[in-house]
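Visitor: Please take a close look at one part of this model for me, the kind of place where a small probe could sit. I would like a connected account that begins there and follows the links outward.

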Amino acid sequence: MASISSIQSLTLDIPPSCIAFVPEYPNYFVVGTYLLEPSEGTLTTETDDDAGPEAAGTIASSDGVQRNSTKPEVEQRRSGSVILFKIDQDRISVVQTIQTASAILDIQFRPLHESSDSASVSKRTILPDEHNTPYGSLSDVESKRQRDSRPILAAATSTGSVALYRFDLSTSSLHEERLLQYFDASVLVLSCAWCPSSRDTLGVTLSDGRVMMCETDARAGPEENHCTQRLQHSLEAWTMAHSMGPRKGIFSGGDDAALQYWTSEDVAGSMVDVSWKDHRIHSAGVTAILPLTVDTIVTGSYDDHIRVVRAPHRGRREVLAELNLGGGVWRIKLMEAVGNGEGTKRYENATRENEATGGDGTPCGEVARYTLLASCMHAGTRIVVLTHLADNSWTADVLARFEEHDSMNYSSDFRPGVPANAPQTIVSTSFYDRLLCLWKFVPA
């Protein structure tokens with residue numbers, strides 16, 4: 001297991017809470033920040049990173065603030081910023097900072113669509129100059145794009161709203177399109193996830209345990225009328241993810257250690273809700289969910305484990321593999337997927353000429369291989385490989401670790417569009433020390 005050193009590190013003015021590269025223009029990435037401002041009736045102290053998830057909890061609710069039990073709790077003000085960065089020749093620079101009246105807890109760019117010119121960006125080589133994008137010169141790109149197709153960023157805030165920003169390459173800047181006040185300002189929007197089958201639909205999870213689906217189209221009318229609740233946790237709902245395949249379901253995880261699922265299916269001509277809740281799998285809060293196949297997901301938890309879980313929409317859930325990463329697994333991102341993920345079917349027809357490797361690049365005996373980037377709170381960042389074998393078993397191994405962060409690593413992301421087997425550029429952050437690090441992972 002390789003231990004990696006940084007190429008560059010920066011100390012930010014405000015603690016970073018989330019990060020996302022611009023999918024279409026991967027020389028740029030965005031960081032959201034979170035500041036809990038002192039108020040009367042509280043004592044502000046730095047939380048010891050070794051205190052674990054119970055003390056650090058989340059940047060949303062117990063982020064270094066010690067409550068004074070002898071006085072009534074006083075509402076505190078949270079603020080933050082959205083910062084645009086650029087990478088040029090392995091050097092990071094700040095391009096733009098937008099101060100926000102609310103803290104930013106999560107940011108997600110709207111996914112690329114196959115019908116878009118940008119759908120093939122992940123298969124192209126990244127060029128260092130922003131005016132030589134993966135699609136040609138800047139003028140060529142802009143002549144093909146309409147304003148509505150430029151990258152849209154959703155930012156989950158601490159005051160019940162979602163802010164939408166549009167990235168403009170011609171000015172290298174973000175512009176706020178609108179602020180959607182979906183919920184009461186006392187509710188924190190903890191995470192968000194764009195719906196892959198509906199361009200203007202955004203899933204969000206809330207500090208009061210609700211999991212909602214919301215419309216972002218301004219033409220839809222008053223935003224408070226365009227959210228539908230799908231699931232409910234008894235404590236904070238930390239995360240959600242949209243299922244793969246045609247069923248259009250959603251998974252969610254909460255501080256109540258519950259993994260939940262919802263979908264709607266046609267039964268005798270009527271749409272019927274199908275849902276389940278599982279408390280058996282995790283021993284602490286569920287903080288990350290990443291679907292791999294139609295019925296297989298990866299989860300992260302405060303209990304320090306990453307798990308491969310078989311989670312069909314009906315039937316018993318099963319843990320297929322698990323691995324202790326040494327810290328609470330706050331976020332998981334898929335770096336690479338190799339193989340077809342269709343059980344052992346590919347091997348039933350394998351020829352002797354194909355025995356050394358599978359036709360899709362996986363070694364013989366493997367069905368699929370997934371490389372993940374995991375943000376592991378006080379343990380730092382891990383690169384993990386999950387392997388689905390031909391006998392339908394799974395393995396999980398750590399390929400590399402980055403441990404220069406001295407406090408909670410809540411967010412990391414990798415530069416998209418890098419060719420297979422090429423060095424992968426990664427940016428990771430940590431909260432209390434306000435550190436942002438640039439480093440590279442070189443596949444074996």
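Guide: A pocket, as the word is used here, is an open set of grid points where a 1.4 Å probe fits and where protein lies on both sides within 12 Å along at least five of seven lines. The model is a predicted one, and the part I would choose is its second largest pocket, which holds about 360 Å³ of space. Its lining is made of 22 residues, and those closest to the pocket centre are Cys195, Ser197, Met213, Lys248 and Trp262. Sorted by class, the lining of this pocket consists of 11 polar, seven nonpolar and four charged residues. Three strands each contribute at least two residues to the lining of the pocket, namely S18 (210-215), S19 (227-232) and S22 (259-267).

Two of those strands lead directly to the cysteines. Searching the whole structure turns up one disulfide, and this bond joins Cys214 to Cys227, with an S to S distance of 2.2 Å. The link of Cys214 and Cys227 is right-handed, with 115° about the S-S bond. Because Cys214 belongs to strand S18 and Cys227 to strand S19, the pair ties together parts that are 13 residues apart in sequence. Cys214 and Cys227 are both buried.

There are other cysteines to consider. Cys18 takes part in no disulfide, since the nearest cysteine sulfur, which belongs to Cys192, is 8.3 Å away, whereas a disulfide is counted for sulfur atoms within 2.5 Å. Cys18 is nevertheless buried, its relative accessible area being 4%. Cys192 is likewise in no disulfide, with the sulfur of Cys18 as its nearest cysteine sulfur at 8.3 Å, and Cys192 counts as buried at 4% relative accessibility.

Cys18 also brings us to the enclosed spaces. The structure has three cavities of 30 Å³ or more, and the largest cavity contains about 90 Å³ of space. Among the residues that line the largest cavity are Cys18, Ile19, Leu105, Asp106, Arg331, Tyr410 and Ser412. Strands S3 (16-21), S10, S28 (331-339) and S32 (411-414) each supply at least two residues of that lining, and S10 gives the most, with four residues. The lining of the largest cavity comprises five nonpolar, four polar and three charged residues.

From S10 one can move on to a sheet. S10 belongs to an open sheet of four strands in the order S10-S13-S14-S15, paired antiparallel. Strand S10 (104-109) and strand S15 (173-180) stand at the edges with a single partner strand each, so one side of each lacks a neighbour in the sheet. From one strand to the next, the twist in this sheet averages 25°. Within the sheet, S14 (residues 162-168) pairs with S15 in the antiparallel sense over seven bridges, and Ala163 stands opposite Leu179 in S15.

A further open sheet can be set beside that one in this account: it has four strands in the order S24-S25-S26-S27, with antiparallel pairing. Its edge strands are S24 (286-291) and S27 (318-324), each of which pairs on one side only, and the twist averages 20° from one strand to the next. S24 and strand S25 (residues 296-301) run antiparallel and are joined by five bridges, with Leu290 standing opposite Val298 in S25.

Technical notes
Residues are numbered from 1 along each chain as its sequence is written. This is a predicted model: local features need pLDDT of at least 70, side-chain atom pairs count only at pLDDT 80 or more; totals for chains, interfaces and linings use all residues. Side-chain values use heavy atoms; hydrogens and water are left out. On a 1 Å grid over the protein atoms alone, a cavity is a set of points where a 1.4 Å probe fits but cannot get out, and a pocket is an open set with protein on both sides within 12 Å along at least five of seven lines; lining residues have an atom within 4 Å of a point. Grid points are joined across faces, edges and corners, and a volume is the space filled by probe spheres set on the points. Ala, Val, Leu, Ile, Met, Phe, Trp, Tyr, Cys and Pro count as nonpolar, Asp, Glu, Lys and Arg as charged, and the others, Gly among them, as polar. Two strands pair if DSSP finds at least two bridges between them. Axes are lines fitted to C-alpha atoms, for helices over the stretch in contact, and angles run from 0 to 180 degrees between N-to-C directions. Buried means under 20% relative accessible area, exposed over 50%, partly exposed in between (1.4 Å probe, protein chains only).
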